[in-house]
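Biologist: I should like to learn how to read a protein structure, feature by feature. May we begin with the way strands are paired?

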Amino acid sequence: MPTPSLSPDGGASHPQIRHLLAALGEEEVAAAVAERHESATIPDTFLESRARRQPVARPRQAAVLILLSDTDSPDLTFVERAATLRHHPGQIAFPGGGIDPGESAVQAALREAHEEIRLEPHHVRPHRVVPASNVAASMFDVAAVVGTWDGTAPIGVGDPGEVAAIHRFAITDLADPDNRLLATLPGGYQGPAFTMGEIFLWGFTANLVSHVLDLGGWSRPWSRSRLAEVPERFLRDARRGSGPARTWADSAE
């Protein structure tokens, strides 16, 4: 795939999307997005058990696509991982995966989006690349590519063996205080989460969504005293030791 050119602030018509892109253009803001995930509450006991199970290695690089529809009512696109997968069955994530040798984060994110939701790369306008967050529990460095599309290009499940469904959630619904809470796990993890009907969105992906809402000016006050343990459906392969489930990036291949 040819190297796509970034359009940092141009091309987006929705004022709050432009505000988001402008904020991410400030190095200290973009760095803070990465750092805030790295500083999430992860019990030492989990990291220690993780280190015993596999040798220390250089984290693998991965990328996800934060895909915003540039419409009067923007939405975000997510994939639901197939229930038959060994790692993270049923969990909700942004399209994405491992960066292949010679690829940039943008190329990888667009390629993975094409494979997972059949969105042709030329329909996406990539704007910003958020510096990679080190997802300590999974030993991946995950960059987030922020892109827009018109919301009308055809999409669909790529490989049903990997993706069970595609979900598009309106930004206004994600920002609704009734849909926001803190996810918890017995090992001590706490992090932002969203309940969208039967869907429970948490972990690395929910952190990114929270940043998007904050930086785009969509966030509304919500109760951080509302806690809920991550439902088993979204946690099936996570209890291989004490502490929190691994995040999406564990399964990036």
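Modeller: Within strand E6, the residue that serves as bridge partner of Leu65 is Val145. Please bear in mind that this is a predicted model. Leu65 belongs to the pairing of strand E1 (residues 60–69) with E6, in which 10 bridges join two strands that run parallel. Further along, Ser69 stands opposite Trp149 in E6.

Biologist: Which strand pairs with E1 in the antiparallel sense, and through how many bridges?

Modeller: That is strand E4 (residues 96–98), which is joined to E1 by three bridges. In this pairing, Val64 stands opposite Gly96 in E4.

Biologist: How many residues of E1 are buried?

Modeller: A residue is called buried when its relative accessible area is under 20%. In E1, eight of the 10 residues meet this condition, so the strand is largely enclosed by the rest of the structure. Strand E6 (residues 140–149) is mostly covered, with 10 of its 10 residues buried.

Biologist: Which residues of E6 lie on each of its two faces?

Modeller: One side carries Phe140, Val142, Ala144, Val146 and Thr148, and the other carries Asp141, Ala143, Val145, Gly147 and Trp149. Both faces are covered, for the residues on either side are all buried.

Biologist: How should I read burial in a helix?

Modeller: One lists the buried residues and then looks down the axis. In helix H1 (residues 15–24), the buried residues include Ile17, Leu20, Leu21, Ala23 and Leu24. Viewed down the axis of H1, the buried residues fall within an arc of 160°, so they line one face of the helix.

Biologist: What tends to happen to nonpolar side chains in soluble globular proteins?

Modeller: In such proteins, nonpolar side chains tend to be buried together. In this model the largest nonpolar core has 47 residues, and those with the most contacts inside it are Leu76, Phe78, Leu174, Trp202 and Val209. Helix H6 (residues 203–216) gives the largest share of this core, seven residues. Another core, of 20 residues, lies apart from it and has Ala63, Ala93, Ile117 and Val163 among its members.

Biologist: Which residues does Leu76 contact, leaving aside its neighbours within four places in sequence?

Modeller: Its contacts include Ile66, Leu67 and Leu68, as well as Phe94, Phe169, Leu174 and Val209. His167, Arg168 and Ile171 are also in contact with Leu76.

Biologist: Is Ile92 buried or exposed?

Modeller: Ile92 has a relative accessibility of 6% and therefore counts as buried. This residue is placed in strand E3 (residues 92–93). Leaving out residues up to four places away in sequence, Ile92 touches, among others, Phe78, Ile199, Phe200, Thr205 and Phe234. Distance in sequence and distance in space should be read separately: Ile92 and Ile166 are 74 residues apart in sequence and 9.2 Å apart in space, C-alpha to C-alpha.

Biologist: Where is Thr205 placed, and which residues does Thr205 touch?

Modeller: Thr205 is in helix H6. Residues up to four places away in sequence are not counted; beyond these, Thr205 touches Phe78, Ile92, Ala93 and Phe94. Thr205 is buried, with a relative accessible area of 4%.

Biologist: How does one read the order of strands in a sheet?

Modeller: One names the strands from one edge to the other. Here an open sheet of four strands has the order E10-E9-E8-E11, with mixed pairing. Strand E10 (199–201) and strand E11 (227–229) each have a single partner strand, so one side of each is left without a neighbour in the sheet. On average, neighbouring strands of this sheet are turned by 40° against each other, direction ignored. Within the sheet, strand E8 (residues 180–184) and strand E9 (residues 190–196) run antiparallel and are joined by five bridges. Leu182 has Pro192 as its bridge partner in E9. Helix H6 packs on the sheet, where it touches E8, E9 and E10, and its direction makes about 80° with that of E9.

Biologist: What is the phi of Arg118, and where does Arg118 lie?

Modeller: Arg118 has a positive phi of about 60°, although it is not a glycine. Arg118 is found in the loop between helix H4 (105–117) and strand E5 (125–135).

Biologist: Finally, how is the chain described as a whole?

Modeller: The chain has six helices and 11 strands, and buried residues make up 55% of its 253 residues. Of the contacts between residues at least 6 apart in sequence, 71% join residues at least 24 apart.

Methods:
Residues numbered from 1 in each chain as written. Predicted model: local features only at pLDDT ≥ 70, side-chain atom pairs only at ≥ 80, totals over all residues. Heavy atoms only, no water. Buried < 20%, exposed > 50% of the residue type's maximum accessible area, 1.4 Å probe, protein only. Contact = heavy atoms within 4.5 Å. Core = buried A, V, L, I, M, F, W, Y, C linked by side-chain atoms within 4.5 Å. Pairing = 2+ DSSP bridges. Axes fitted to C-alpha atoms, helices over the stretch in contact; angles between N-to-C directions. Arc of directions from axis to C-beta.
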